[in-house]
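Welcome! Here is a friendly first look at a structure you may not have met before. Take a moment with the sequence and the 3D view, then read on.

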Amino acid sequence: MTAPWAEWDHIVKIDPDKTLPEGETYEDVLATGTDAIEIGGTTGMTTDKMERVIEACAAHDVPLYLEPSAPEVAVNDEALDGYLIPTVFNTENPFWLAGAHKEWTRIEDELPWDRITTEAYIVMNPDSAVATYTEADCDLSAEDAAAYATVAERLFGQEIIYVEYSGTLGDPEIVGAAHDALDEATLFYGGGVHDYDSAYELGQHTDVVVVGDLVHDEGAEAVAETVRGAQDA
Ligand SMILES: CC(C)=CCC/C(C)=C/CC/C(C)=C/CC/C(C)=C/COP(=O)(O)OP(=O)(O)O
Ligand SMILES: O=P(O)(O)OC[C@@H](O)CO
Ligand SMILES: [Mg+2]
């Protein structure tokens, strides 16, 4: 069976710590044509905030995934299609590679293993909260990014590789190098996608475009433009 993300072009990442623009609802976001919703952010996460977004999105048929940044906010909810669990390959602190995951496994009696998939992050924007938080070494060449992608897929059997430029538009050469290095795995790209053209451009170098801040800053109409860009790419 092919993994659902093998068919996706576009994901909206909803940050439970942020609001939607005045007058907009999660229903508007779910109607943009995006292929899936990821719920998560680095800072300000609580179980209450997670649950509020899950509840607001649950009644719709867009696939809903939780992307927890810590074991404490990995809420167990039947409305979720699954869990996308980050693991950071270019961190200088092994806690973000496997330590947090060890804690999660230790504190939970039983985890829904058949609904859990890891995302092998390559964090590229040194000014992002996620880079600071995970002590990522963002000083990577295209060759380095490609090599991490290969290691993640070939040695660690990762199904999803995530080139993360959170907050800024990425270097297409670096994203493309990671993409070219992959055989079967799916590449997620996220960072700074804000209109049709940026989604189209980065979409040519990745399998899936992830759009985050735009949904909170500009809203559903702007997100729908990026869905078209990612689909056309
Ligand atoms: C083991 C479990 C359940 C969790 C640990 C998971 C790990 C290793 C998390 C590391 C951090 C990470 C990669 C979080 C994913 C979400 C993400 C990248 C959000 C984007 O964050 P930013 O845009 O930088 O920050 P804010 O938007 O919150 O300011
Ligand atoms: O918020 P933006 O810059 O769109 O980034 C999307 C996502 O990759 C963040 O984890
Ligand atoms: Mg963000």
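What follows is a short tour, from the whole protein down to single residues.

Please keep in mind that this is a predicted model. The protein contains nine helices and eight strands, and two ligands are considered below, one with 28 residues around it and the other with 13.

**The protein as a whole**

- The radius of gyration is 16 Å, which agrees with the value near 17 Å that a compact globule of 233 residues would have.
- Taken along the principal axes, the C-alpha atoms fill a box of roughly 45 × 45 × 40 Å.
- Of the 233 residues, 44% are buried.
- If you take the contacts between residues at least 6 apart in sequence, 72% of them join residues at least 24 apart.

**Around ligand 1**

- The shell around ligand 1 has 28 residues, and the closest are G41, T42, P86, A129 and V130.
- Three elements, β4 (82–88), α3 (99–107) and α4, each supply at least two residues of this shell.
- The largest share, four residues, comes from β4.
- Sorted by class, the shell around ligand 1 holds 14 nonpolar, eleven polar and three charged residues.

**Around ligand 2**

- Ligand 2 is surrounded by 13 residues, with S166, G190, V210, G212 and D213 the closest.
- Both β8 (208–211) and α8 (213–217) supply at least two residues of the shell around ligand 2.
- Here the classes come to four nonpolar, six polar and three charged residues.

**D15 and T42**

- An unreviewed UniProt entry places the feature "binding site" at D15 and T42. These residues span 28 residues in sequence, yet no two of their C-alpha atoms are more than 8.5 Å apart, so they gather at one spot.
- D15 is found in the loop between β1 (10–14) and α1 (26–30). It counts as buried because it has 20 C-beta neighbours inside 10 Å.
- Not counting residues up to four places away in sequence, D15 touches G41, G212 and H216. Of these, G41 is listed among the closest residues to ligand 1, while G212 is listed among the closest to ligand 2.
- T42 has its place in the loop between β2 (36–39) and α2 (47–57). With 18 C-beta neighbours inside 10 Å, T42 counts as partly exposed.
- Leaving out residues up to four places away in sequence, T42 touches S69, A129, V130 and Y133.

**Y165 and G167**

- The unreviewed UniProt entry also gives "binding site" for a further set of positions, including K13, Y165, G167 and D213.
- Where does Y165 lie? Its place is the loop between β6 (160–164) and α6 (172–181), and G167 lies in the loop between β6 and α6 too.
- Is Y165 buried or exposed? Y165 is buried, because 24 other C-beta atoms lie within 10 Å. G167 has 16 such atoms within 10 Å and is therefore partly exposed.
- Setting aside neighbours within four places in sequence, Y165 is in contact with M124, N125, G170, G190, G191 and G192.
- With those neighbours again left aside, the contacts of G167 are N125, D127, S128, G191, G192 and D213.

**A backbone detail at E135**

- Phi of E135 is near 50°, a positive value in a residue other than glycine.
- E135 sits in the loop between α4 (129–133) and α5 (142–155).
- E135 is partly exposed, because 14 other C-beta atoms lie within 10 Å.

Notes
Residues numbered from 1 in each chain as written. Chains lettered and ligands numbered in written order. Predicted model: local features only at pLDDT ≥ 70, side-chain atom pairs only at ≥ 80, totals over all residues. Buried ≥ 20, exposed ≤ 12 C-beta atoms within 10 Å, placed from the backbone. UniProt positions renumbered as here; feature names shortened; annotations may be inferred. Contact = placed C-beta atoms within 7 Å. Near = placed C-beta within 6 Å. Nonpolar A, V, L, I, M, F, W, Y, C, P; charged D, E, K, R; others polar. Rg over C-alpha atoms; globule rule 2.2 N^0.38 Å.
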